[in-house]
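Colleague: I am new to this structure and would be grateful for a guided discussion of it. May I put some questions to you?

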Amino acid sequence: MNLPPCEKLPVTPLQKLEHPLFDRRNLQVWVKRDDLNSPPGFSSLQGNKRHKLHDNLLKMLQQKKKGIITFGGAHSNHIAAVADAGAYYGFKTVGIIRGEELENQPERWSHTLSQAHQQGMHFHFVCRKAYRQRNELAYQRLWQNRYPNLWLVPEGGSNPFGVLGMETVIQQLQQQRPDWTHLFSAVGSGGTLAGLIQATSKLEDAHQKNLIGIATLKEEQALLNSMNEWISCPETVNWSLQPSPYHTRYGQTCSELQKVQQWFEHQFNIPLDPIYTVKMVAGFLRVLPNLPSGSQIILYHSGGLQGRF
Ligand SMILES: *Cc1c(COP(=O)(O)O)cnc(C)c1O
């Protein structure tokens, strides 16, 4: 294994967006390009998933484990990231994948699964009923007993170590634009937003920062419950969760979202993924009329571009 224990993640660009829509309201807007944080040749070890894995990898080393076992669906950016991490650093990866019908039928595998398999990930396909238990300790213990030498990471990489790994993003922003006032992020399981809140709460000017999460998959209440487990002092920062701007099921899109994606990609030449970052942008555009003049806004590009396949 060639995992350097204190590896620093690359500093990604903070790209300014120029548009009359922003000038008219005296807003400055940047995109934090964490879609560009992958190592050369391992394009799926990227985005917020790379941050969430970082401290999990440190923990894996510390516990003298030989690799990672984790959970995901057929299009999971996290599965793609773990498989690439295993190939890049040279450790074993096992994925518990939703959908027993995919067993022995590689011709039905998604792009994500085929890539992960190529990178050496070993799969176990389980039925939807079993997969629903993925966050239960008893179920996780079954897999842990089967693979005692692997570090178990929950779905999406969201655990206390994943949350901790998001701190680097805030540290980079403090170097690049310390007077930012608003940060928008897409929210799936809530681990990413929790980490951004937790790290921001430690800043001296924390009370001047606003974090806005745009829910993409779960209802806000369910998210708040899990996020509360990960944040220790949420009241020092202003943060809120906005409902998903358009109601679509996971993996589905609608014409309004497609329009937002086309507009944004055409205006700024920055690619978005159809599940998360396009909803983050749509959520930002929706609240834009209410943002105070002079705001310095950062849109967190959490990556996920492999989802475009
Ligand atoms: C997984 C993912 C998210 C959601 O992150 P959570 O920590 O689960 O909330 C957002 N954006 C992209 C691109 C993702 O892959």
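Colleague: Where is Asn 37 found, and does it count as buried or exposed?

Modeller: In this predicted model, Asn 37 lies in the loop between S2 and helix H2 (47-62). Its relative accessibility is 1%, and residues under 20% are classed as buried. Asn 37 therefore counts as buried.

Colleague: Which residues is Asn 37 in contact with, leaving aside its neighbours within four places in sequence?

Modeller: Before the loop residue in sequence, the contacts include Pro 10 and Thr 12. The other contacts of Asn 37 are Leu 45, Gln 46, Gly 47, Arg 50 and His 51.

Colleague: Which residues of the largest nonpolar core touch the most other members, and which element gives the largest share?

Modeller: This core has 28 residues, of which Leu 17, Phe 184, Phe 264, Phe 284 and Leu 299 touch the most other members. Two or more residues come from each of strand S2 (28-33), strand S7 (182-187), strand S8 (210-215), helix H11 (255-268), helix H12 (277-287) and strand S10 (296-301). The largest share, six residues, comes from H12.

Colleague: What does Leu 17 touch, not counting residues up to four places away in sequence?

Modeller: Leu 17 is among the residues that touch the most other members of the largest core. Its contacts include Val 29, Trp 30 and Val 31. The others are Phe 22, Phe 264, Phe 268, Ile 270 and Leu 299.

Colleague: At what angle do H11 and H12 pack?

Modeller: On the H11 side, Leu 257, Val 260, Gln 261, Trp 263 and Phe 264 meet Val 278, Lys 279, Val 281, Ala 282 and Leu 285 of H12. The residues of this contact divide into eight nonpolar, one polar and one charged. The axes are 9 Å apart. Angles of 65 to 115 degrees count as roughly perpendicular, and H11 and H12 are therefore roughly perpendicular to each other, at an angle of about 90°.

Colleague: Which residues of helix H4 are buried, and what covers them?

Modeller: The buried residues of H4 (residues 111-118) are Thr 112, Leu 113 and Ala 116. They cover an arc of only 95° around the axis, which puts them on the same side of H4. In general, an α-helix has 3.6 residues a turn, so residues three or four places apart point the same way. What covers the buried residues of H4 includes helix H3 (77-89), strand S4 (92-98) and strand S5 (122-126).

Colleague: Which residue takes a positive phi just after H4?

Modeller: The phi in question is about 100°. The residue that takes it, just after H4, is Gly 120.

Terms used. Residues numbered from 1 in each chain as written. Predicted model: local features only at pLDDT ≥ 70, side-chain atom pairs only at ≥ 80, totals over all residues. Heavy atoms only, no water. Core = buried A, V, L, I, M, F, W, Y, C linked by side-chain atoms within 4.5 Å. Buried < 20%, exposed > 50% of the residue type's maximum accessible area, 1.4 Å probe, protein only. Helix = DSSP H or I, 4+ residues; strand = E, 2+ residues; numbered from the N terminus. Contact = heavy atoms within 4.5 Å. Arc of directions from axis to C-beta. Axes fitted to C-alpha atoms, helices over the stretch in contact; angles between N-to-C directions. Parallel < 35°, antiparallel > 145°, perpendicular 65-115°, else oblique. Nonpolar A, V, L, I, M, F, W, Y, C, P; charged D, E, K, R; others polar.
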